[in-house]
Amino acid sequence: MDTDRKEAGFVGLGFMGSPMAANLLKAGWAVTAWNRSPAALDGLEALGGARVAEVEGLRDKPVIIFMLPDLSYIEASAAGLLASWSAKPPAAGTAVVVMSSVSPAAVKDFGARVTRASGGNAVVVDAPVSGGTKGAVEGTLAIMAGANEEDFQRLLPLFSAMGSTVRLLGPLGSGSLAKACNQLIVGTTTAALAEAAELAERSGMDVAALYEVLAGGLAGSRVLDIVGPRLAAKDYKPTGPAKFMHKDLSFVLESAAAVNAAVPMADAGVELYAALLRQGLGDRDLAVVRQTISNLSGIARCNKTAKTN
């Protein structure tokens, strides 16, 4: 992996990918990107980046980052790249870095396919992130890596341009498992805050005042600091679509089943976020789980009324 060449391919310039790629440019990396819609590519070019018409146009980059919604999107977008590598292998040590939230088990399978297609010359590293769009813009993401020590050290300058907390958690798949644990905490904490908000408001309490006092005690958290204001204001403009939380919590269940771990909070979270999807709220911000709980409260009230009549 030739990290002396500060060149990277970047696939996926969404809410998170665009500022991450911009921070690589600021750190002196030459970034060439592919994105389904052209507007984000225009923005990257304005910052000094470049574009390719197809993902396989990135085949000779020493590092290729994927920041797409799920592994199925990555596999579809990488199909031409892997076909190109099967015909002519890339340079030894080429790194494919999956920074999306994906299944810990499935990313291992993807790594094996990349190894076969590249004649053993390319390695997959999973390095999902936490910190939201704020962390992506500020370059303060937490980056959870699954790789061997040598590959991690070679990629550390790349990761450090996008994040302030970068840790190697173990071999391939470990980063994705760490992200699943992260989402277990974020998803259920956001849901608990949303429940508290609905209970407080329906009882005549000011939610912002409640959150202010909670922040000064043991209930204070980064989730409260960042998501709390949106929950209190019922501001559901997307900073990251809520629909992905259901996917991420499903990875918790998958991983827990593999090691016989009980995850009752994840079980409840999957059901709640499934309700959110059924209510058609998946494209709104994660804070919209408060609306889901409000809607469920209405259903519960109707059921109670029906029983008493």
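# Close-up views of a predicted model

**View 1. Ala 33 stands opposite Arg 51 in strand E3.** The model shown here and in the views below is predicted. Strand E3 covers residues 50-51. Two bridges pair E3 with E2, in the parallel sense. Between these two strands the chain passes through helix H2, residues 38-46. This β-α-β crossover from E2 to E3 is right-handed.

**View 2. Strand E2 is mostly covered.** E2 spans residues 30-34. Four of its five residues are buried. E2 also runs parallel to E1, and five bridges join the two strands. One contact to look for is Glu 7, whose bridge partner in E2 is Ala 30. From E1 the chain reaches E2 by way of helix H1, residues 17-26. That β-α-β crossover is right-handed.

**View 3. Strand E4 is covered on both faces.** E4 takes in residues 63-66. On one side sit Val 63 and Ile 65, both buried. On the other side sit Ile 64 and Phe 66, also buried. E4 pairs with E1 (residues 7-11) in the parallel sense, over three bridges. Here Val 11 stands opposite Phe 66.

**View 4. E4 and strand E5 run parallel.** Four bridges join the two strands, and E5 covers residues 94-98. Ile 65 of E4 is placed opposite Val 97 of E5. The path from E4 to E5 goes through helix H3, residues 71-87. Once again the label is a β-α-β crossover, and its hand is right.

**View 5. Phe 152 and Phe 159 form an aromatic pair.** The structure holds one such pair. The two ring centres lie 6.4 Å apart, and the planes meet at 35°. How is this pair classed? It is tilted. The class follows because planes under 30 degrees apart count as stacked and those over 60 as edge-to-face, with the rest tilted. Both Phe 152 and Phe 159 are buried.

**View 6. The second largest pocket has a volume of about 230 Å³.** Its lining holds 13 residues. Closest to the pocket centre are Pro 104, Lys 108, Gly 173, Leu 177 and Ser 255. Three helices each give two or more residues to the lining: H4 (104-117), H7 (174-202) and H10 (243-259). Which helix gives the most? H10 does, with four residues. By class, the lining has eight nonpolar, three polar and two charged residues.

**View 7. The largest cavity has a volume of about 30 Å³.** The structure holds one cavity of 30 Å³ or more. Its lining is made of Ser 101, Val 102, Ser 176, Lys 179, Ala 180, Asp 248 and Phe 251. H7 and H10 each supply at least two of these residues. H7 gives the most, with three. The classes are three nonpolar, two polar and two charged.

**View 8. Met 245 is found in helix H10.** Is Met 245 buried or exposed? Its relative accessibility is 4%, so Met 245 counts as buried. The cut-off for buried is under 20%. Thr 188 is 57 residues away along the chain. The C-alpha atoms of Met 245 and Thr 188 are 9.8 Å apart.

**View 9. Lys 234 has a positive phi of about 55°.** Lys 234 is not a glycine. Most residues other than glycine have a negative phi. Where is Lys 234 found? Lys 234 sits in the loop between helix H9 (222-233) and H10. With a relative accessible area of 41%, Lys 234 is partly exposed.

**View 10. Asn 260 has a positive phi of about 55°.** Asn 260, too, is not a glycine. Its place is the loop between H10 and helix H11 (264-278). Asn 260 counts as exposed because its relative accessibility is 75%. The cut-off for exposed is over 50%.

Note on methods:
Residues are numbered from 1 along each chain as its sequence is written. This is a predicted model: local features need pLDDT of at least 70, side-chain atom pairs count only at pLDDT 80 or more; totals for chains, interfaces and linings use all residues. Side-chain values use heavy atoms; hydrogens and water are left out. Buried means under 20% relative accessible area, exposed over 50%, partly exposed in between (1.4 Å probe, protein chains only). Two strands pair if DSSP finds at least two bridges between them. A crossover is right-handed if, with the strands pointing away from the viewer, the path from the first strand over the helix to the second runs clockwise. Rings of Phe, Tyr and Trp (its six-membered ring) pair if their centres lie within 6.5 Å; planes under 30 degrees apart count as stacked, over 60 as edge-to-face and the rest as tilted. On a 1 Å grid over the protein atoms alone, a cavity is a set of points where a 1.4 Å probe fits but cannot get out, and a pocket is an open set with protein on both sides within 12 Å along at least five of seven lines; lining residues have an atom within 4 Å of a point. Grid points are joined across faces, edges and corners, and a volume is the space filled by probe spheres set on the points. Ala, Val, Leu, Ile, Met, Phe, Trp, Tyr, Cys and Pro count as nonpolar, Asp, Glu, Lys and Arg as charged, and the others, Gly among them, as polar.
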